[in-house]
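This report describes the fold, the packing and the charged pairs of one protein chain. The sequence and the coordinates are shown first.

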Amino acid sequence: MAEDITARDAKLIQYLNEAYGKEKELEAALQAHIKMAGGRATYKKRLQDHLKETKAQARGLERRIKQLGGKADGS
C-alpha cells in the first residue's frame, strides 16, 4: 500500500507523525508529574484529565495516519 501514497499524503503523514511523537512525549511527562503530585488531589486530577485527553489525541492521530496508509511512529 505504501506505493499508493501520494506526495501530499506522505507529507501529511510526516507532519501527523511529528504531532503523534509530541503527544507520546507529553504522555510520559504527564505520567511522571502525576507520580510526583503527591497529596495535591486537585492538581493530580487535572493532570490525569490532561493525560486522558492526550492519549485520546494520540489515538486519533494514529488512526488518521493508518487511514492515509502510513505507520504511526512519532519520529
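With which side chain does the side chain of Arg8 make a polar contact? The partner is the side chain of Asp9, at 3.1 Å. The model is a predicted one, and the sections below proceed from the whole chain to its two helices and then to the salt bridges.

## Overall form

The chain comprises two helices and zero strands. Its radius of gyration is 16 Å, well over the 11 Å that the globule rule gives for 75 residues, so the chain is more spread out than a compact globule. The dimensions of the C-alpha trace along its principal axes are about 55 × 15 × 15 Å.

Of the 75 residues in the chain, 25% are buried. The exposed surface amounts to about 5400 Å², and carbon and sulfur atoms supply 54% of that area. When contacts between residues at least 6 apart in sequence are considered, 69% of them join residues at least 24 apart. One pair illustrates how positions distant in sequence are placed in space: Leu12 and Gly70 are separated by 58 residues in sequence, while their C-alpha atoms are 9.7 Å apart. Leu12 belongs to helix α1 and is partly exposed, because its relative accessible area of 35% falls between the limits of 20% and 50%.

## Helix α1

Helix α1 covers residues 7-36. Its 30 residues should span 44 Å at 1.5 Å a residue, and the C-alpha atoms at its ends are indeed 44 Å apart. Directly after this helix, Gly38 adopts a positive phi of about 60°.

The buried residues of α1 are Asp9, Ile13, Leu16, Asn17, Tyr20, Gly21, Glu23, Glu27, Leu30 and Ile34. An α-helix has 3.6 residues a turn, so residues three or four places apart point the same way. The cover over the buried residues of α1 includes α2, which runs over 41-67.

## Glu27 in the helix packing

Is Glu27 buried or exposed? Glu27 has a relative accessible area of 9% and is therefore buried, the limit for this class being under 20%. This residue lies in helix α1. Apart from neighbours within four places in sequence, Glu27 is in contact with Leu51, Thr54, Lys55 and Ala58. Among these partners, Leu51, Thr54 and Ala58 are themselves buried residues of α2.

## Helix α2

Helix α2 has 27 residues and reaches 39 Å from its first C-alpha to its last, close to the 39 Å expected at 1.5 Å a residue. Its buried residues are Leu47, Leu51, Thr54, Ala58, Leu61 and Ile65. These buried positions pack against α1. After α2 comes Gly69, with a positive phi near 95°.

## Salt bridges

How many salt bridges does the structure hold? The structure holds six, and three of them are described here, beginning with the pair named at the outset. The side chains of Asp9 and Arg8 form a salt bridge with an N to O distance of 3.1 Å. Arg8 is located in helix α1, and Asp9 is listed among the buried residues of that helix. The two partners fall into separate accessibility classes: Asp9, at 14% relative accessibility, counts as buried, whereas Arg8, at 62%, counts as exposed.

A further salt bridge joins Glu25 and Lys22, whose closest N and O atoms are 3.7 Å apart. Both residues lie in helix α1 at a separation of three residues, about one turn of the helix. Glu25 has a relative accessible area of 48% and is partly exposed, while Lys22 counts as exposed at 54% relative accessibility. The side chains of Glu53 and Arg46 also meet in a salt bridge, at 3.8 Å from N to O. In this pair, Glu53 is partly exposed with a relative accessible area of 42%, and Arg46 counts as partly exposed at 46% relative accessibility.

Terms used. Residues are numbered from 1 along each chain as its sequence is written. This is a predicted model: local features need pLDDT of at least 70, side-chain atom pairs count only at pLDDT 80 or more; totals for chains, interfaces and linings use all residues. Side-chain values use heavy atoms; hydrogens and water are left out. Helices (H or I, at least four residues) and strands (E, at least two) are DSSP runs, numbered from the N terminus. Buried means under 20% relative accessible area, exposed over 50%, partly exposed in between (1.4 Å probe, protein chains only). Contact means heavy atoms within 4.5 Å. The expected span of a helix is 1.5 Å times one less than its number of residues. A polar contact is a pair of N or O atoms within 3.5 Å; within protein, one must be able to donate a hydrogen and the other to accept it, and residues adjacent in sequence count only if both atoms are side-chain atoms. The radius of gyration is taken over C-alpha atoms; the globule rule is 2.2 Å times the number of residues to the power 0.38. Accessible areas come from the Shrake-Rupley method with a 1.4 Å probe; for residues, only the protein chains shown count as cover. A salt bridge is a side-chain nitrogen of Lys or Arg within 4 Å of a carboxyl oxygen of Asp or Glu.
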